[in-house]
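Got the viewer open and the side chains switched on? Let's walk through a few charged pairs and some rings, one selection at a time.

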Amino acid sequence: MYYLSVKKHFEAAHFLRGYKGKCENLHGHRYEVALKIKTGELDECGMGADFSLLKTRLNEVLQSYDHTCLNDLTPFDNINPSAENIAKDIYDKLKTVINKKGVELWGVEVWESPDSSVLYQPD
């Protein structure tokens, strides 16, 4: 089994409310996301699989978070947009994209700071 990682980042805010409940400042909240993918299938060049669709979908998901207040987005409007909740939401949105034989979305890891990461894996 081979484990691959696809990394991206986005910047967002939460609980930084200013005038009339709007987020005034988005700095200081840069997240990095790593998808953990496992595959047992290799092609004739030794490559795992074509993950261009997954990368495109990941970019679409993260674009909806980027430069916004997470508390204004579903499902974070009713819960704390912690790294754990962000990782689960990304996993749930991407799970439907992974349907190739031999390829599995194994987990989503989210860093809110360089020293602190959370890995979400479903039970």
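Start with lysine 88, which is partly exposed at 36% relative accessibility. Keep in mind as you click around that this is a predicted model.

**Stop one: helix H2**

With lysine 88 still selected, add aspartate 92. The two form a salt bridge, and their closest N and O atoms are 2.7 Å apart. Both sit in helix H2, which covers residues 83-95, and because they are 4 residues apart there, about one helical turn separates them. Aspartate 92 is partly exposed too, with a relative accessibility of 37%.

Now stay in helix H2 and pick aspartate 89 together with lysine 93. Here is another salt bridge, with 3.1 Å between the closest N and O atoms. The spacing in helix H2 is 4 residues, about one turn of the helix. Is aspartate 89 buried or exposed? Aspartate 89 has a relative accessibility of 10%, so it counts as buried, the cut-off for that being under 20%. Its partner lysine 93 comes out at 26%, which makes it partly exposed.

**Stop two: helix H1**

Jump back along the chain to helix H1, residues 52-65, and select arginine 57 and glutamate 60. What joins arginine 57 to glutamate 60? A salt bridge does, the closest N and O atoms lying 3.4 Å apart. These two are 3 residues apart in helix H1, about one turn of the helix. Arginine 57 is partly exposed, at 27% relative accessible area, and glutamate 60 is also partly exposed, at 42%.

If you want to hunt for the rest, the structure holds 5 salt bridges. In general, side chains of opposite charge can pair when their charged atoms come close.

**Stop three: glutamate 109**

Next, select glutamate 109 in strand E3, which runs over residues 103-113. This glutamate has a relative accessible area of 13%, so it is buried. Which side chains does glutamate 109 reach with polar contacts? Among them are lysine 36, at 3.2 Å, and serine 117, at 2.9 Å.

Now show everything around glutamate 109, but ignore its neighbours within four places in sequence. What you should find in contact is Glu32, Val33, Ala34 and Lys36, along with Ser117, Val118 and Leu119.

**Stop four: the rings**

Time to switch to aromatics: there are 4 aromatic pairs in the structure. Select phenylalanine 10 and tyrosine 31. Their ring centres are 4.9 Å apart and their planes meet at 10°, so this pair is stacked. It ties together distant parts of the chain, since phenylalanine 10 belongs to strand E1 (residues 2-11) and tyrosine 31 to strand E2 (residues 30-39), with their positions 21 residues apart.

How accessible is each ring's residue? Phenylalanine 10 has 1% relative accessibility and so counts as buried. Tyrosine 31 is buried as well, with a relative accessible area of 0%.

To finish, add Tyr65 and Phe76 to the selection you already have. Ring pairs link these two with Phe10 and Tyr31 into a cluster. Turn the view until you can see the four rings together, and leave them on screen as your last picture.

Key:
Residues are numbered from 1 along each chain as its sequence is written. This is a predicted model: local features need pLDDT of at least 70, side-chain atom pairs count only at pLDDT 80 or more; totals for chains, interfaces and linings use all residues. Side-chain values use heavy atoms; hydrogens and water are left out. A salt bridge is a side-chain nitrogen of Lys or Arg within 4 Å of a carboxyl oxygen of Asp or Glu. Buried means under 20% relative accessible area, exposed over 50%, partly exposed in between (1.4 Å probe, protein chains only). A polar contact is a pair of N or O atoms within 3.5 Å; within protein, one must be able to donate a hydrogen and the other to accept it, and residues adjacent in sequence count only if both atoms are side-chain atoms. Contact means heavy atoms within 4.5 Å. Rings of Phe, Tyr and Trp (its six-membered ring) pair if their centres lie within 6.5 Å; planes under 30 degrees apart count as stacked, over 60 as edge-to-face and the rest as tilted.
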